[in-house]
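Biologist: I'm new to this one, so could you pick a single spot and walk me through it slowly? After that, show me how the surroundings look.

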Amino acid sequence: MTASSICRRTVGKSAKSRIAAVGTIAVVGSLLLSGCGDQTNDKESDSVSNAPLADKLPKDIRDKGVIKVGSDIAYPPVEFKDKSGNTVGIDPDLGEALGKQLGVKFEFENGTFDTLLGGLRSKRYQVAMSAMTDTKNRQEGVDEETGKKVGDGVDFVDYFTAGVSIYTKKGDDQGIRTWSDLCGKKIVVQRGTVSHDLAKAESKKCKGGKKIAIEQFDNDQQAQTRLRSGGADAGSSDFPVAAYAVKTSGGGKDFELVGEQVEAAPYGIAVSKKNPELRDAIKAALDAIIKNGDYEKIIKKWGVEDGAVEKAEINGGK
């Protein structure tokens with residue numbers, strides 16, 4: 001928040017020089033400066049005090065007015081950069097709505113998906129919000145592939161439901177309908193996602209030595225580029241992302257969805273288990289925007305109504 005334009009001009013560099021040179025102006029200037037500071041602080045204070053759920057936040061976050069959000073901002077339509085470089089999508093819109101309830105700004109910071117929980121543990125972020133599937137392993141800090149404990153788990157505030165889909169180049173589905181049809185073929189995925197885990201699990205089931213060749217990337221857009229160029233037979237992403245790519249890439253001429261989505265599970269906002277007060281504040285804010293209709297407006301705006309939830313839930317993933 002800023003004060004009025006008149007006050008900002010009063011405390012500019014040239015004004016400071018004149019204040020230092022003329023005692024009378026210094027007195028007036030200091031009074032104006034005091035007035036401007038009070039206006040700014042009052043506005044910021046009002047922003048927090050007028051937020052219906054501000055008192056539910058931890059005091060340190062409430063005082064700073066910001067929740068830092070770790071996110072892989074290359075996953076349209078969930079979160080991505082528009083042509084002007086602005087962060088847009090389902091998650092940023094929901095973050096803005098949640099912030100209004102809590103009196104803070106959800107500030108999205110870009111990072112690769114498989115580093116987000118590490119950033120949360122190191123306190124680089126207060127939350128991770130990035131189409132992250134809520135799973136028991138993530139709740140408990142267990143590696144999906146090895147089953148070994150690799151760090152502190154997290155709590156999730158679940159806000160959406162999505163399955164996983166397979167897509168191919170348009171007009172070249174090669175008879176792929178299910179995950180078992182990928183044996184002997186090559187798939188592109190984003191590293192550390194449920195699609196990546198499914199591909200590895202399914203490859204182990206393939207018979208006759210026809211494993212699934214898996215090529216992993218830092219983000220989903222790189223995987224799409226690889227498939228588009230003919231470097232793979234199929235790709236896999238969460239359903240909203242795959243459907244968006246099919247609709248928009250090449251004006252809808254690049255890809256097609258094949259088969260049905262599988263492994264429907266909740267997306268969750270990840271919060272450190274050491275911060276239950278923040279977790280519960282976010283849950284209360286999510287329930288509030290579901291009740292007041294803001295949630296529904298955002299979900300409809302991005303055309304993903306099928307994944308809407310009726311209430312917030314903590315750690316609903318299996």
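Modeller: Let's start with Ala131, which sits in the loop between strand S5 (127-128) and helix H7 (136-140). Keep in mind that this is a predicted model. The backbone at Ala131 is worth a look: its phi is near 50°, a positive value, and the residue is not a glycine. As a rule, most residues other than glycine have a negative phi. Is Ala131 buried or exposed? With a relative accessible area of 5%, Ala131 counts as buried, because the cut-off for that is under 20%.

There is another case of this backbone sign to set beside it. Glu263 also isn't a glycine, yet has a positive phi of about 55°. Ala131 is in a loop, while Glu263 is found in strand S10. And while we're on backbone oddities, Pro76 and Pro77 are joined by a cis peptide bond, with omega at about 10°. In general, most peptide bonds are trans. Pro77 belongs to the loop between S1 and S2.

That loop also takes us to Asp72, placed between strand S1 (66-71) and strand S2 (80-81). Which residues does Asp72 touch, beyond its neighbours within four places in sequence? Among them are Asn110, Gly111, Thr112, Phe113, Ser130 and Asp218. Gln190 is on that list too, and the side chains of Asp72 and Gln190 share a polar contact of 2.4 Å. Asp72 is buried but has no salt bridge; Arg191, the nearest side chain of opposite charge, is 8.8 Å away.

Gln190 is also a handy stepping stone, since strand S7 covers 186-190. S7 is one of the strands that cover the buried residues of helix H8, and the others include S6 (154-169), S8 (213-217), S9 (234-238) and S10 (255-272). H8 itself runs over residues 194-205, 12 residues in all, and reaches 17 Å from its first C-alpha to its last, close to the 16 Å expected. Its buried residues include Val194, His196, Leu198, Ala199 and Glu202.

Now for the charged pairs. How many salt bridges does the structure hold? There are 16. In one of them, Asp155 pairs with Lys273, with the closest N and O atoms 2.7 Å apart. This pair links distant parts of the chain: Asp155 is in strand S6, and Lys273 is in the loop between S10 and helix H11 (276-292), 118 residues apart. The two ends differ in cover: Asp155 is buried at 5% relative accessibility, whereas Lys273 is partly exposed at 41%. Both also belong to a network of salt bridges that takes in Arg279 and Asp280.

Other pairs stay within a helix. Lys59 and Asp63 form a salt bridge of 2.6 Å, N to O, and both lie in helix H4 (residues 59-64), 4 residues apart, about one turn of the helix. Both of these residues are exposed. Further along, Lys300 and Glu296 meet in a salt bridge of 3.2 Å. They are about one helical turn from each other, because they lie 4 residues apart in helix H12 (residues 294-301). Lys300 counts as partly exposed at 47%, and Glu296 is partly exposed as well, at 44%.

Note on methods
Residues numbered from 1 in each chain as written. Predicted model: local features only at pLDDT ≥ 70, side-chain atom pairs only at ≥ 80, totals over all residues. Heavy atoms only, no water. Helix = DSSP H or I, 4+ residues; strand = E, 2+ residues; numbered from the N terminus. Buried < 20%, exposed > 50% of the residue type's maximum accessible area, 1.4 Å probe, protein only. Lys, Arg positive; Asp, Glu negative; His and termini not counted. Salt bridge = Lys/Arg side-chain N within 4 Å of Asp/Glu carboxyl O. Polar contact = N/O pair within 3.5 Å; in protein donor to acceptor, adjacent residues only side chain to side chain. Contact = heavy atoms within 4.5 Å. Expected span 1.5 Å × (residues − 1).
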